[in-house]
Amino acid sequence: MSRALIVIDVQNDFCPGGALAVPEGDLIVPGINTKMSGFDVVVLTQDWHPAGHSSFASSHDGKSPYDMIDMPYGSQVLWPDHCVQSSMGSAFHAGLRQDGDLIIRKGFNPAIDSYSAFFENDQTTPTGLEGYLRNRNITALTMVGLATDFCVNYSALDAAKLGFDVVVDLELCRAIDLNGSLESAMSDMKSAGVQFA
Ligand code: VGL
Ligand code: ZN
């Protein structure tokens, strides 16, 4: 059995000073760097939106960040512009080790957001991560990164659904916590059989 570490979205825009800053988002960087050494495979994910992405409030007349909108694939939180492809905000935190095996970019489809590292928010378009992990004989995953209640949560739920053995290391994650999103993420992950460390 081989285990992969999946490092979710440890990017400037999700750290203090960034466009969609997660409180204490930067504090997890040293611990993640240390943790990387103990895994057969390390994958980094990178939120990677084109300018004008449909998840940005600025793309919808009269909408503000954190409003909700109905998209063809379901309801969607509208975010401040963040992680625009090749911007400084989309770069990994400068202190993060970037010598992993694979970088998965997600959220590049202008019409669909992608919280999960496995599927876009339509829950059907794959990112390719599942195939990569299976080809590398990975059956167990540990997830760390940002944000606990969005991208970590959706990645962990999809991984569990796909049959991977999933651990979320909560000390190496931080949350946005929007309208109870952290509490519901925790209960959804528990119900899905995700383990916590
Ligand atoms: C994320 C909101 C929008 C995340 C990404 O990485 O959790 N959250 N895009
Ligand atoms: Zn995003």
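A residue counts as near a molecule here if one of its heavy atoms lies within 4 Å of it. Everything below comes from a predicted model.

**View 1. Ligand 1 and the residues around it.**
By that cut-off, ligand 1 is surrounded by Asp-9, Phe-14, Leu-20, Asp-47, Trp-79, His-82, Leu-146, Ala-147, Phe-150 and Cys-151. Start with the nitrogen contacts: a polar side-chain atom of Asp-47 sits 3.1 Å from a nitrogen atom of the ligand. His-82 also joins in, with a side-chain N or O atom 3.1 Å from a nitrogen atom of ligand 1. Leu-146 uses its backbone instead, placing an N or O atom 3.3 Å from an oxygen atom of ligand 1. As for how much of the ligand is hidden, the protein covers 100% of the 260 Å² of accessible area that ligand 1 has on its own.

**View 2. The cis peptide bond between Leu-146 and Ala-147.**
Zoom in on the backbone here: the bond from Leu-146 to Ala-147 is cis, with omega near -15 degrees. Most peptide bonds are trans. Ala-147 belongs to the loop between E6 and helix H3 (148-161). Both Leu-146 and Ala-147 are also on the list of residues surrounding ligand 1.

**View 3. Helix H1 and its buried face.**
H1 runs over residues 29-36, and its buried residues are Val-29, Ile-32, Asn-33 and Met-36. Look down the helix axis and these buried residues fall within an arc of 100 degrees, so they line one face of H1. The general geometry is a handy reminder: an α-helix has 3.6 residues a turn, so residues three or four places apart point the same way. What do the buried residues of H1 pack against? Their partners are strands E1 (2-8), E2 (41-47), E6 (138-146) and E7 (165-174). Turned away from that buried side is the face carrying Pro-30 and Thr-34, which are exposed.

**View 4. Cysteines without a disulfide.**
How many disulfides does the structure hold? The count is 0. For Cys-83, the nearest cysteine sulfur is that of Cys-151, 8.8 Å away. Cys-173 also has Cys-151 as its closest cysteine by sulfur position, but at 11 Å the two sulfurs are too far apart for a bond. Are Cys-83 and Cys-173 buried or exposed? Cys-83 counts as buried because its relative accessibility is 0%. Cys-173 is buried too, at 4%.

**View 5. Positive phi at Cys-83 and Asn-137.**
Most residues other than glycine have a negative phi. Cys-83 goes the other way, with a positive phi of about 45 degrees although it is not a glycine. Its place is in the loop between strand E4 (74-77) and E5. Asn-137, another non-glycine, has a positive phi of about 60 degrees and lies in the loop between H2 and E6. The surroundings contrast: Cys-83 is buried, whereas Asn-137 is exposed, with a relative accessible area of 57%.

**View 6. Ile-103 in strand E5.**
Strand E5 spans residues 102-106 and includes Ile-103. With a relative accessible area of 42%, Ile-103 is partly exposed. Which residues does Ile-103 touch once its neighbours within four places in sequence are left aside? They are Leu-44, Gln-46 and Phe-92. Thr-45 is 58 residues away from Ile-103 along the chain, yet the C-alpha atoms of the two are separated by 5.5 Å.

**View 7. Asn-109 and its partners, including His-53.**
Asn-109 sits in the loop between E5 and helix H2 (129-135). This residue is partly exposed, at a relative accessible area of 24%. Setting aside neighbours within four places in sequence, Asn-109 is in contact with His-53 and Glu-120. His-53 and Asn-109 are 56 residues apart along the chain, and their C-alpha atoms are separated by 8.0 Å.

**View 8. His-60 in the loop between E2 and E3.**
His-60 lies in the loop that leads from E2 to strand E3 (68-71). Buried means under 20% relative accessible area, so His-60, at 19%, counts as buried. Beyond its neighbours within four places in sequence, His-60 is in contact with Ser-54, Ile-69 and Leu-78.

Conventions. Residues numbered from 1 in each chain as written. Chains lettered and ligands numbered in written order. Predicted model: local features only at pLDDT ≥ 70, side-chain atom pairs only at ≥ 80, totals over all residues. Heavy atoms only, no water. Buried < 20%, exposed > 50% of the residue type's maximum accessible area, 1.4 Å probe, protein only. Helix = DSSP H or I, 4+ residues; strand = E, 2+ residues; numbered from the N terminus. Arc of directions from axis to C-beta. Contact = heavy atoms within 4.5 Å. Disulfide = S-S within 2.5 Å. Polar contact = N/O pair within 3.5 Å; in protein donor to acceptor, adjacent residues only side chain to side chain. Areas by Shrake-Rupley, 256 points an atom, 1.4 Å probe, with all protein chains shown as cover.
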